[in-house]
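Colleague: Could you take me through this model, beginning with the nucleic acid and ending with the cysteines?

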There are 2 protein chains.
Amino acid sequence: MAALEFLIRYCEKNIMRLTTRGRYAVTAMLDLALNNECGPISLADISQRQEISLSYLEQLFAKLRQNNLVSSVRGPGGGYCLARASDAISVAEIIDAVNESIDATSCSGKGNCHNGDICLTHHLWDDLSRQIHRFLSGISLDSLVHQQDVQVVMLRQSDQADANSGCAKV
Amino acid sequence: MAALEFLIRYCEKNIMRLTTRGRYAVTAMLDLALNNECGPISLADISQRQEISLSYLEQLFAKLRQNNLVSSVRGPGGGYCLARASDAISVAEIIDAVNESIDATSCSGKGNCHNGDICLTHHLWDDLSRQIHRFLSGISLDSLVHQQDVQVVMLRQSDQADANSGCAKV
DNA sequence: AAACAACATACTGTTTTAGTAGGTTATGTC
DNA sequence: GACATAACCTACTAAAACAGTATGTTGTTT
């Protein structure tokens with residue numbers, strides 16, 4: 001039945017991990033979003049601007065590329081571009097892409113998940129997990145760039161003045 | 001000035017970490033919330049129900065206690081209770097409590113955070129970080145227990161029938 | 001041909017996670 | 001008072017994840 005399938009799916013679902021790894025990935029993608037009109041951005045540039053190790057960035061971008069979040073151009077002048085418009089890329093996608101490591105530890109493997117209140121809290125957790133995921137799915141790179149948070153607008157506007165005045169990297 | 005203070009505060013702020021550790025803590029707190037009327041709940045009970053190592057639970061509850069999220073009763077028949085009503089305890093508090101380890105790595109220590117577009121993406125990240133935190137601050141244990149998610153209501157109702165029929169543990 | 005930059009793989013030190021082990025202290029019950 | 005219970009505390013450990021280093025190769029532009 002649909003209910004059981006549903007239950008199993010969410011029992012096996014893994015946690016939405018949120019660490020510095022995800023921060024690096026989102027930060028790098030934000031860097032891309034901000035410099036998108038300027039053609040491909042090299043990882044060397046991002047590495048320098050965001051102070052993230054180049055090789056580490058390469059590892060992260062391998063995953064981002066596998067998940068069709070960025071496209072690459074090789075050779076001199078090459079680099080990475082967003083694969084889609086920044087309003088079509090969610091924060092959730094980025095974090096998921098970079099944390100791919102399917103280990104469904106919750107309650108799979110043990111058949112005792114399906115009976116009664118043993119697993120009730122698991123369901124509740126899965127609810128939360130899904131809410132978090134849905135929340136982050138609703139936040140696009142674009143919405144981040146275009147100040148959602150009123151409190152820091154003042155700070156950011158002065159910053160954006162320099163940043164947006166036509167491809168500062170050239 | 002206020003703006004600079006503001007900037008520094010959020011530059012130094014750490015990421016909201018979300019791992020299995022947090023899942024365990026939230027799960028355990030949910031277990032408490034569900035059995036709250038039954039008096040103190042021993043960690044041994046939670047350990048058995050949620051399949052979490054007893055000693056690990058003890059470590060987590062040490063943090064939860066330090067942060068006034070639970071209160072304890074020693075001796076036989078003792079255990080832990082929620083320190084407040086379940087609608088006054090947010091998921092964010094629980095996760096924060098259990099992940100306490102102040103390491104402000106973002107851009108503190110390096111003075112270069114304050115100039116221009118170098119740190120623009122950091123601001124954007126901090127925005128996101130704060131949004132996540134605010135989101136999880138808005139979700140209480142109580143709201144989790146009382147089905148926010150319509151899709152799983154059907155599943156949970158049958159479960160809650162057993163669970164809520166007066167302190168199953170006695 | 002040379003330089004550039006993506007792409008790939010293997011290795012390393014550190015931190016976090018999750019759990020184990022072995023206690024001490026407080027408090028009910030017999 | 002003896003005893004069981006369960007909180008409380010500290011130190012240790014194996015495994016995983018994190019973050020970074022090193023060393024390439026492949027493709028592309030100049």
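The exchange below goes through the two DNA strands, a hairpin, a loop residue and the cysteines of this predicted model.

Colleague: Which residues come nearest to DNA strand C?

Modeller: The surface near DNA strand C draws on α4 (54-66), β1 (70-73) and β2 (79-82) of chain A and on α2 (20-34) and α4 (54-66) of chain B, each supplying at least two residues. In all, 27 residues lie around this strand, and those that come nearest are A:S72, A:Y80, B:T20, B:S55 and B:R74.

Colleague: What share of the atoms of DNA strand C within 4 Å of the protein do sugar and phosphate account for?

Modeller: Individual contacts reach both the backbone and a base of the strand: a polar side-chain atom of A:S72 lies 2.4 Å from a phosphate oxygen of DNA strand C, and one of A:R65 lies 2.9 Å from a phosphate oxygen. On the base side, an N or O atom in the side chain of B:R74 is 2.5 Å from a base oxygen of DNA strand C. Taken over the atoms of DNA strand C that come within 4 Å of the protein, the share of sugar and phosphate is 58%.

Colleague: How many charged residues does the surface near DNA strand D have?

Modeller: This surface takes at least two residues from each of α2 (20-34) and α4 of chain A and α4, β1 and β2 of chain B, and the closest of the 27 residues surrounding DNA strand D are A:T20, A:S55, A:R74, B:S72 and B:Y80. By class, the surface near DNA strand D has 8 nonpolar and 13 polar residues, and the number of charged residues is 6.

Colleague: Which residue has a polar side-chain atom 3.0 Å from a base nitrogen of DNA strand D?

Modeller: Two other contacts can be set aside, as they go to phosphate oxygens of DNA strand D: one involves a polar backbone atom of B:L43 at 3.0 Å, and the other an N or O atom in the side chain of B:Y80 at 2.5 Å. The contact to a base nitrogen, with a polar side-chain atom at 3.0 Å, belongs to B:E58.

Colleague: Which residue takes a positive phi in the hairpin of β1(B) and β2(B)?

Modeller: The two strands, residues 70-73 and 79-82 of chain B, run antiparallel and are joined by 4 bridges, with B:S72 standing opposite B:Y80. There are 5 residues between the strands, and the one with a positive phi, near 80 degrees, is B:G75.

Colleague: Is A:S90 buried or exposed?

Modeller: A:S90 is placed in the loop between β2 and α5 (91-98) of chain A, and, leaving out residues up to four places away in sequence, A:S90 touches A:L136, A:S137, A:I139 and A:S140. Because its relative accessible area is 9%, and the limit is under 20%, A:S90 counts as buried.

Colleague: How many disulfides does the structure hold?

Modeller: A disulfide is a covalent bond between the sulfur atoms of two cysteines. In chain B, the cysteine sulfur closest to that of B:C81 is in B:C38, 10 Å away and therefore too far for a bond, and B:C81 is buried, with a relative accessible area of 17%. A:C81, buried with a relative accessible area of 18%, is in no disulfide either, the nearest cysteine sulfur being that of A:C38 at 10 Å. Over all chains, the number of disulfides is 0.

Key: Residues numbered from 1 in each chain as written. Chains lettered and ligands numbered in written order. Predicted model: local features only at pLDDT ≥ 70, side-chain atom pairs only at ≥ 80, totals over all residues. Heavy atoms only, no water. Near = heavy atom within 4 Å. Polar contact = N/O pair within 3.5 Å; in protein donor to acceptor, adjacent residues only side chain to side chain. Buried < 20%, exposed > 50% of the residue type's maximum accessible area, 1.4 Å probe, protein only. Contact = heavy atoms within 4.5 Å. Pairing = 2+ DSSP bridges. Nonpolar A, V, L, I, M, F, W, Y, C, P; charged D, E, K, R; others polar. Disulfide = S-S within 2.5 Å.
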